[in-house]
Amino acid sequence: MAALQKLQKCVVSPTGKHSATVIFLHGAGGTGQELRTWVRDVMMPGLTFAHIRVIYPTAPTRPYTPMNGALSTVWFDRYKISYDSPENLQSIDAMCSTLGSIIQEEVNAGIPKHRMIIGGFSMGGALALHLACRHHPDIAGVYALSSFLNKDSVAFQAVDERVRAEHSLPELLQCHGASDELVPHQWGDDTSMLLQKAGMKTTFHSLPGLYHQLSLPEMELLKAWILQKLPPSTS
């Protein structure tokens, strides 16, 4: 088996003792550094915490089918950008394995998975949902901003199977701009409803007038939610 690809990452260290971790995945064509800068531009000084390390990985450059095979920093390939399209599971699962190495690095550093949150923007949120629902359901939470799952995603089945087996799942926070034209608001809402129907605890925030972008109210909401899920350690 080939060695897992090591991803570049931008890391924001906590100002105090490290006791929790957030992994924030960028959208298609972005980088971890660009996302970190975007978050900071929207909400100064950004997602900074006394006890939480925030990791912004960068997806590898690969041919991207919706761009006619042009190279782009995307988390996985897609057959087409469509709610009804089947998922490219081989591509998704390969990247889930690669990101799993970052999760394991945090575990090795003394951070248990129940002290981690994984989330992302757009395509990054889609991959975060696959990671949380199928591969690492023992994390503290998952968030998806302006994001999606395809209509017949295997993530829905995975959630249903865990719920039927009475196994735990992380809680989902979703935020979506009502004016988003790239990932339509309805697509995000449908994703939330299907996950909820399968048995996942979800919260969906609709943001009036927001396009496919981050906003200050959204970042403030996200930061408060992260602190609720990952409070300072009492140990």
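The chat below looks at Asp-180 and at the nonpolar cores of a predicted model.

Biologist: Before we start, what kind of model is this?

Modeller: This is a predicted model, in which local features need pLDDT of at least 70 and side-chain atom pairs count only at pLDDT 80 or more, while totals for chains, interfaces and linings use all residues. Residues are numbered from 1 along each chain as its sequence is written, and side-chain values use heavy atoms, with hydrogens and water left out.

Biologist: Okay, where does Asp-180 lie?

Modeller: Asp-180 lies in the loop between strand E8 (171-177) and helix H5 (185-198), where helices (H or I, at least four residues) and strands (E, at least two) are DSSP runs numbered from the N terminus.

Biologist: Is Asp-180 buried or exposed?

Modeller: Asp-180 is buried, at a relative accessible area of 5%; buried means under 20%, exposed over 50% and partly exposed in between, using a 1.4 Å probe and protein chains only.

Biologist: And what does Asp-180 touch?

Modeller: Leaving out residues up to four places away in sequence, Asp-180 touches Ser-146, His-185, Leu-210, Tyr-211 and His-212, a contact being heavy atoms within 4.5 Å. Ser-146 is 34 residues from Asp-180 in sequence, yet 7.7 Å from it in space, C-alpha to C-alpha.

Biologist: Switching topic, which residues touch the most other members of the largest nonpolar core?

Modeller: They are Leu-25, Trp-75, Leu-99, Leu-127 and Leu-195, out of 40 residues; such a core is a set of buried Ala, Val, Leu, Ile, Met, Phe, Trp, Tyr and Cys residues joined through side-chain atoms within 4.5 Å.

Biologist: Which element gives the most to this core?

Modeller: H3 does, with eight residues.
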